[in-house]
Amino acid sequence: MARVDYNRAAGSYDQGRAHPLHVFDEWRVRLAEHLPLGADGPVLDVGAGTGIWAEAIVAWFGLPVIALEPAAGMRAAARAKGLPSQVAIVGGDSQAIPLSGASCRAAWLSTVIHHIPDLGACAAEVRRVLQPGAPVLIRSSFPGRHDEIPLFRFFPGAGRVARTFPTVDQTVAAFSGAGFALTSLERVHEQRDGTLADWVTRVQAVRHVDSTLDTLTDEEFEAGLTTLQAAAAAGEPVPPTGLDLLVLRPA
Ligand SMILES: C[S@@+](CC[C@H](N)C(=O)[O-])C[C@H]1O[C@@H](n2cnc3c(N)ncnc32)[C@H](O)[C@@H]1O
């Protein structure tokens, strides 16, 4: 079961997670290195949510994307945005992917692995639908690697929750069981627009959309807001956010 009710969260999801494409530009550069641009078939966006990354992959590379998403509310929010025609929104779970074998050129999983009950089952399904040699690209913030997540400085309880997410070793092990091997683990930065005062508004909007903020007590959340407001009032600049890109390929 997902840590957040994404049918409830769908309406406000993009307020917290969507950014202008330039914020994600370092991801464009990394994806260009790892995606098989000359291959056939779509990129499979697993747990695609409202289609933020499906839309980016079309904009950057002009590739077809299958946006696989189990929550009807997230699929409806994605449809309402009018995604590019190259994006096919498909209902389904990563542990039983409704696609034929060897049909996709790559799999992209952005901030989703901590929601998947059986990561090994997901890995086996991803392996089945990928073409020979196709990569798996995972965007996540792994336990022990939270040093560039500014949100956790202001909301330490959110970091506590994130430390329960699958580790690098656990993720590699789950995918190894399906015949993948680690290719690389890379840090990727996002310099988000706006000021810390904008973050105050943003975190309030996404309190119940973000699986790390959602579990905080009201006291923890209020304490974090106070720290954030103080930093904003002091004119502190927005620090970059550093997430991980884990790349695996068939062994
Ligand atoms: C934090 S959102 C990430 C959405 C999108 N990938 C992004 O980065 O904006 C997590 C998404 O994973 C989906 N999800 C939850 N459990 C899943 C599962 N078992 N298989 C596939 N997707 C799942 C949720 O419905 C939700 O849309």
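**How do we know? Getting to know this predicted model**

Q: Which residues touch the most other members of the largest nonpolar core?
A: They are W27, W108, F155 and L213, in a core of 58 residues. Helix α3 (residues 52–61) is the element that gives the most, with 8 residues.

Q: What makes a set of residues a nonpolar core?
A: Its members are buried Ala, Val, Leu, Ile, Met, Phe, Trp, Tyr and Cys residues, joined through side-chain atoms within 4.5 Å. In soluble globular proteins, nonpolar side chains tend to be buried together. Here a second, separate core of 30 residues includes I66, C104, I116 and A123.

Q: How should the numbers and values be read?
A: This is a predicted model, in which local features need pLDDT of at least 70 and side-chain atom pairs count only at pLDDT 80 or more, while totals for chains, interfaces and linings use all residues. Residues are numbered from 1 along each chain as its sequence is written, and side-chain values use heavy atoms, leaving out hydrogens and water.

Q: Which residues is W108 in contact with, leaving aside its neighbours within four places in sequence?
A: Contact means heavy atoms within 4.5 Å. W108 has such contacts with W27, L31, V43, L44, D45, V46, W53, I57, L137, R139 and L245.

Q: How many helices and strands are there in the protein chain?
A: There are 10 helices and 7 strands. Both are DSSP runs, numbered from the N terminus: helices are H or I with at least four residues, and strands are E with at least two.

Q: How do you know how compact the protein chain is?
A: Compare its radius of gyration, taken over C-alpha atoms, with the globule rule, which is 2.2 Å times the number of residues to the power 0.38. The rule gives 18 Å for 251 residues and the chain has 18 Å, so it is as compact as a globular protein of that length. The C-alpha atoms fill a box of roughly 55 × 40 × 30 Å along the principal axes.

Q: Why is A134 called buried?
A: Buried means under 20% relative accessible area, exposed means over 50%, and partly exposed lies in between (1.4 Å probe, protein chains only). A134 has 4%, so A134 counts as buried. This residue is found in the loop between α5 (119–129) and β5 (136–140). Not counting residues up to four places away in sequence, A134 touches C104, R105, A106, F180, R249 and P250.

Q: What makes L151 buried?
A: L151 has a relative accessible area of 15%, so the label buried fits. L151 lies in helix α6 (residues 150–154). Beyond residues up to four places away in sequence, L151 touches W199, V203, D210, T212 and L213. Across the whole chain, 53% of the 251 residues count as buried.

Q: Why is A102 called partly exposed?
A: Its relative accessible area is 43%, so A102 falls in the middle class. A102 sits in the loop between β3 (87–91) and β4 (106–110).

Q: What makes the phi of A102 worth noticing?
A: Most residues other than glycine have a negative phi. A102 is not a glycine, and yet has a positive phi of about 50°. T111, in the loop between β4 and α5, also is not a glycine and has a positive phi of about 40°.
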